[in-house]
Amino acid sequence: MYDRILIPVDGSDEATRAARRGLDLARRFDAAVDVLHVIDRRSSTRTSDEQAQLRERGEEIVGEIERLAADHDQSVTTTVTDGSPAARIARLAADYETGLIVIGRQGITGLGKRLLGGVTEGVLHRSDVPVLVVPTGDQSTGDSFDYDRLLVPTDGSDNATRAAPRASAVAQQCGATAHVLSVIDLQAAGGAFSAGGLEESFVDRLEDEGEAIVDELAAEIDATGDVDVETAVEKTSLDGVAAEIREYIGAHDIDLVVMGSHGRSNLRRQLLGSVSGAVLRSVDVPILIVTRS
């Protein structure tokens, strides 16, 4: 499942932090590592000397990650190429039969006003390969990382279920507990009828459905390996599902979130589902996004 990991880097501190996490996971899973730097094709109008400097800088960038790996006697394959960065990353991930892409949430190509870097958003939009996004606020240091508590949010959708084996694999390898969470959005469930309050029997049915959803996903995780699983069903009304997930992350010291890119209510044309997108843009723990494919 994680036997080959692709790490795109752009020379930013955030990309280097993401690379350290990618190398750590590769050591845990004994995975091959491809380190990639893409020279933006928009630089093609530059002079040959400028192009040579960009390629030299690209070689320095991937060389830095190669040296980080060598400190742990870890071999990597490095590539410097050109093109549209997000498209090239997604294409090479498919060509390499990559099991996981590890990337920073915003590198040097992301505008300051953006909550996700343009390249990272593009990779999430294009890639059929799961993407581990390392946040800007990641405060972890060193070359080894703890994954003691994983969170798998679910709404019962097929895409949420696809996250189960991905979470289980990490939990097994890291000895982690998997938390399975379903959040009931009372306002969305009740619609216009929620203005005056929902009947207790209706809320009870929603809670029963939530319990069934988390139990089903917990069984999926347990079926793929010996993993400790905890389940929870929470309710929200005004703050929304993403806010409740963020609160759960903080309250339970979650180290990694594994979730589907879209839920039941999201249209395929959206770049990310409303919940996954909001969580991805706002939490300071890594998030492994599992696509619909």
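Contacts first: among those with a separation of 6 or more, 78% join residues 24 or more positions apart, where a contact means heavy atoms within 4.5 Å. The model is a predicted one, in which local features need pLDDT of at least 70, side-chain atom pairs count only at pLDDT 80 or more, and totals for chains, interfaces and linings use all residues. Residue numbers run from 1 along each chain as its sequence is written, and side-chain values use heavy atoms, with hydrogens and water left out.

As for the overall build, the protein has nine helices and 10 strands. These are DSSP runs numbered from the N terminus, with helices being H or I of at least four residues and strands being E of at least two. Of its 293 residues, 52% count as buried. Here buried means under 20% relative accessible area, exposed means over 50%, and partly exposed is in between, with a 1.4 Å probe and protein chains only. The protein exposes about 13,900 Å², and carbon and sulfur atoms supply 43% of that. Accessible areas come from the Shrake-Rupley method with a 1.4 Å probe, and for residues only the protein chains shown count as cover.

Now for the charges. A search of the whole structure turns up eight salt bridges, each being a side-chain nitrogen of Lys or Arg within 4 Å of a carboxyl oxygen of Asp or Glu. Three of them are worth a look, including two that share Asp24.

| Salt bridge | N to O distance |
|---|---|
| Asp24 and Arg27 | 3.9 Å |
| Arg28 and Asp24 | 3.1 Å |
| Asp284 and Arg105 | 3.8 Å |

Asp24, Arg27 and Arg28 form a network of salt bridges. Asp24 and Arg27 sit in helix H1 (residues 13-29), three residues apart, which is about one turn of the helix. Arg28 is in helix H1 as well, four residues from Asp24, again about one turn. What about cover? Asp24 has a relative accessible area of 4%, so it counts as buried. Arg27, at 28%, is partly exposed, and so is Arg28, at 24%.

Which parts of the chain does the salt bridge between Asp284 and Arg105 link? The pair ties together distant parts, 179 residues apart: Asp284 is in the loop between helix H9 (274-282) and strand S10 (287-290), while Arg105 is in the loop between strand S4 (100-104) and helix H4 (118-126). Asp284 is partly exposed because its relative accessibility is 47%. Arg105, in contrast, is buried, with a relative accessible area of 7%.

Over on the surface, Glu200, Asp204, Asp208, Glu209, Glu211 and Asp215 gather in a patch of negative charge. Patches take residues with over 30% relative accessible area and no salt bridge, joining like charges within 9 Å and nonpolar side chains (Val, Leu, Ile, Met, Phe, Trp, Tyr) within 5 Å. Asp and Glu count as negative, Lys and Arg as positive, and His and the chain ends are not counted. A charge is placed at NZ of Lys, CZ of Arg, CG of Asp or CD of Glu. Asp215 from this patch belongs to helix H7 (residues 200-223) and, at 43% relative accessibility, is partly exposed.

One last spot is Gly142, in the loop between strand S5 (131-134) and strand S6 (149-153). Gly142 is partly exposed, with a relative accessible area of 39%. Its C-alpha atom is 9.4 Å from that of Arg21, though the two residues are 121 apart along the chain.
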